[in-house]
Amino acid sequence: MASTEEDVNPYELLGLSLEASEQEIRTAYRQRSLKVHPDRNRGNPDAARKFHELHQAQELLLDPLRRMALDAKLRMKEARKARFAQYDAKRKGLVEELEERERALKKARTENEAQKKERWRENERIMEEGRKLREEREKELQRKEREREELERKTQGASNGLEPPSLGPLDTTVRVKYTLSTHPSLTSAESIAALLSPFGPLDDSSIVLSLKPSPPKKPKRGTALVPFRQIVGAFAAVCASRRSENGLADIEVDWAEGKEPELIGWLKKMGKLGGSKPPQADENGPKVTPAQTPVSADYNMSTPGVKTAPAADFASFPSTFPDLTAAPQVPTAPTDVPGMDYESLTLLRMRQAERERLEREIREREAQED
């Protein structure tokens, strides 16, 4: 009913004026309702809506109180229209300008609200990007700090001598070259061991000897790989290469890998190893060799996994030697060699395999020289 009163004028719907009587209202309703009755307009979907509007208009106009309220509202509306029609052009312009300002103000308020929301979303996005950038920067700074601390730790460890290089599998092995014309007695591993034993304990069972040319030709030169049990003995032998006072005249003794072990270079760099001097012979007695001078147990540089007695010092070698072979104890497993743990046996087999490889290389090189 509210929709009928506000949106549709009942008088206009029934074609009546404000002064129409009840009989005129009933007559107008009957004439118009018959035209739009749903039973007569089955194919018209709007017939029922129009018939209902006519019925609502009749009820409203036949109700004295409701009709009086409607008449007052319509008369007020007509009076407002008449009053506005009497306004002059200037007043109409002011009214229209006021209404335009109100519409512009409302539009500006709406746009302002939209801009505030957009700025808020933009601020949230910038804050989120800043937070992610800050986290990435903090992570980068933490990574650089860890790298710097690690570098300082390594530098400090190197400067304090706390991180020496590890002992390689061939760092205690030397290569011996000689001619049989000057040393005809060096035809067996036992004779090689006897020649080099004054410099320190040897691993006699692992000595590799190669004589060239091979039988049935008469050998002319020999090459041997001699493993010492300690690097101090190997260093002493290399320092005494080609020195007649040590019985190594015309005998070349060099490192098995053809270069000085990193451990020796580290000791020299740290100032713990000076120039080498061969053992001097006493005119009234036997030669004084490293084997006759005991070495401190702190400087035991034996091959990892092989237990040996203290070796001899040589020349300017330090009187004490840092223990670089200490390794974490590992569980032992049953092996075929009594008295050796699993780690020692593995290292021994690795050394033997490396010596066999070097022996093959020596033989191939000598075959090419022939």
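**Figure 1. Arg357 and its salt-bridge partner in helix H10 of the predicted model.** Arg357 has a relative accessible area of 32% and is therefore classed as partly exposed. In this predicted model, the side chain of Arg357 meets that of Glu354 in a salt bridge, with an N to O distance of 2.0 Å. Glu354 and Arg357 belong to helix H10 (residues 342-369), where a spacing of three residues separates them by about one helical turn. Elsewhere, Glu122, Arg125 and Glu129 are joined into one network by salt bridges that share partners.

**Figure 2. Two salt bridges within helix H6.** The search of the whole structure finds 18 salt bridges, and this view presents two pairs from helix H6 (residues 89-159). In one of them, the side chains of Glu135 and Arg131 meet with an N to O distance of 2.8 Å; because these residues are four apart in H6, about one helical turn lies between them. Glu135 is partly exposed at 35% relative accessibility, and Arg131 is likewise partly exposed, with a relative accessible area of 30%. In the other pair, Arg143 forms a salt bridge with Glu140, and the closest N and O atoms are 2.2 Å apart. Arg143 and Glu140 are three residues apart in helix H6, which is about one turn of the helix. Arg143 counts as partly exposed with a relative accessible area of 32%, as does Glu140 at 33% relative accessibility. An α-helix has 3.6 residues a turn, so residues three or four places apart point the same way.

**Figure 3. The crossing of helices H4 and H5.** Helix H4 (residues 47-62) and helix H5 (residues 64-85) have axes that come within 5 Å and cross at roughly 95°, which means that H4 is roughly perpendicular to H5. On the H4 side, the contact involves Glu59, Leu60, Leu61 and Leu62, which meet Pro64, Arg66, Arg67 and Leu70 of H5. By residue class, the contact of H4 with H5 divides into five nonpolar and three charged residues, with no polar residue among them.

**Figure 4. Val36 in the loop that precedes H4.** Val36 is found in the loop between helix H3 (22-35) and H4, and its relative accessible area of 18% falls under 20%, so Val36 counts as buried. When neighbours within four places in sequence are left aside, the residues in contact with Val36 are Asn41, Ala47, Lys50, Phe51 and Leu54. For Leu54, which is 18 residues from Val36 along the chain, the separation between the two C-alpha atoms is 9.3 Å.

**Figure 5. Helix H7 and the strands against which it packs.** The buried residues of helix H7 (residues 189-196) are Ser191, Ile192, Ala193, Leu195 and Leu196. These buried residues of H7 pack against three strands, namely E1 (173-179), E2 (208-212) and E3 (221-227).

**Figure 6. Positive phi values in the loop between H8 and E4.** Most residues other than glycine have a negative phi. Arg242, although not a glycine, has a positive phi of about 65°, and this residue is found in the loop that runs between helix H8 (231-239) and strand E4 (252-255). Asp250 is also found in the loop between H8 and E4, and its phi is near 60°, again a positive value in a residue other than glycine. With 47% relative accessibility, Asp250 counts as partly exposed.

Note on methods:
Residues numbered from 1 in each chain as written. Predicted model: local features only at pLDDT ≥ 70, side-chain atom pairs only at ≥ 80, totals over all residues. Heavy atoms only, no water. Axes fitted to C-alpha atoms, helices over the stretch in contact; angles between N-to-C directions. Parallel < 35°, antiparallel > 145°, perpendicular 65-115°, else oblique. Contact = heavy atoms within 4.5 Å. Nonpolar A, V, L, I, M, F, W, Y, C, P; charged D, E, K, R; others polar. Buried < 20%, exposed > 50% of the residue type's maximum accessible area, 1.4 Å probe, protein only. Salt bridge = Lys/Arg side-chain N within 4 Å of Asp/Glu carboxyl O.
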